Amino acid sequence: MNKNLVKLSKFVSLVLRHQPEVIGLKLDENGWAEVDRLIELAKLNGIDISKIILEEIVETNNKQRFSFNLEKSKIRANQGHSIDIELGLTPKQPPDRLFHGTAVRFLESIRQQGLIAGNRQHVHMSSDETTAINVGQRHGKPVVLKIDTLAMHQDGFVFFCSENLVWLTDFVPPQYLEFPVE
Ligand code: HQG
């Protein structure tokens, strides 16, 4: 993705996941925005984005962060929201193990509290360790925690898998976490 596209993709992420109000955009309860309205409001705020660029962002985004509806008249983020929206995902049985990448500096607190969603709507997990390392290093020295999702599932915790294959749950208590040996 070229630099300008990355910048525009970050802008789309901001308005579809966190602060639609910065350009006066309204999302429906499932997180969808009207494509034409998004383009119009972006323009009014000095951001030049077209339908073709949005299509390129949806198609080429390295993490498949966004989707169109069938008619391509609406767009939404697949996950990662800090605002309260209902993605309408169906609970799904997770693989027996999932991974969460974090930074070493958070470990002490995670040992005490477990994994919490913080500003986001869910705790995010991946099915492979490489993705988890990449996620963790956004915050500092990365460390990967293994999660006993089989036990969590058996104990009644609910999991979802987003359109772009990120696993989501509300909370992971510490007893289901395996910490690396120091
Ligand atoms: C940590 C990106 C202290 C948690 C990524 C993480 C992902 C705690 C940080 C997606 C804690 C929150 C999500 C506790 C959790 N005490 N720290 N009890 N519980 N934490 O960014 O999982 O590029 O909100 O370990 O690729 O890092 O946005 O979550 O380090 O998929 O598409 O608190 O965001 O995707 O950080 O990342 P974040 P995350 P996008």
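1. In this predicted model, the ligand sits in the largest pocket. The elements that contribute two or more residues to the shell around the ligand are strand S4 (97-103), helix H4 (107-113) and strand S5 (115-116). Of the elements, H4 gives the most to that shell, with three residues.

2. On the composition of the surroundings, 17 residues surround the ligand, and the closest are Lys63, Arg65, His100, Thr102 and Ser109. When the residues of the shell are sorted by character, five are nonpolar, seven are polar and five are charged.

3. Several polar atoms of the protein can be paired with atoms of the ligand. An oxygen atom of the ligand lies 2.6 Å from an N or O atom in the side chain of threonine 102, while a nitrogen atom of the ligand lies 2.5 Å from an N or O atom in the side chain of serine 109. The backbone also takes part, since a polar backbone atom of glycine 114 is 2.8 Å from a nitrogen atom of the ligand. As for cover, the ligand has 780 Å² of accessible area on its own, and the protein covers 85% of that area.

4. A reader new to the structure may also wish to place the ligand relative to the domains. The protein is divided into domain 1 (3-77) and domain 2 (97-178), and the C-alpha centres of domain 1 and domain 2 lie 27 Å apart. Which domains supply the shell around the ligand? Domain 1 and domain 2 each provide at least three of the shell's residues.

Methods: Residues are numbered from 1 along each chain as its sequence is written. This is a predicted model: local features need pLDDT of at least 70, side-chain atom pairs count only at pLDDT 80 or more; totals for chains, interfaces and linings use all residues. Side-chain values use heavy atoms; hydrogens and water are left out. A residue is near a molecule or strand if one of its heavy atoms lies within 4 Å of it. A polar contact is a pair of N or O atoms within 3.5 Å; within protein, one must be able to donate a hydrogen and the other to accept it, and residues adjacent in sequence count only if both atoms are side-chain atoms. Accessible areas come from the Shrake-Rupley method with a 1.4 Å probe; for residues, only the protein chains shown count as cover. On a 1 Å grid over the protein atoms alone, a cavity is a set of points where a 1.4 Å probe fits but cannot get out, and a pocket is an open set with protein on both sides within 12 Å along at least five of seven lines; lining residues have an atom within 4 Å of a point. A molecule sits in a cavity or pocket if more than half of its atoms lie within 2 Å of its grid points. Helices (H or I, at least four residues) and strands (E, at least two) are DSSP runs, numbered from the N terminus. Ala, Val, Leu, Ile, Met, Phe, Trp, Tyr, Cys and Pro count as nonpolar, Asp, Glu, Lys and Arg as charged, and the others, Gly among them, as polar. Domain bounds come from an automatic or database domain assignment.
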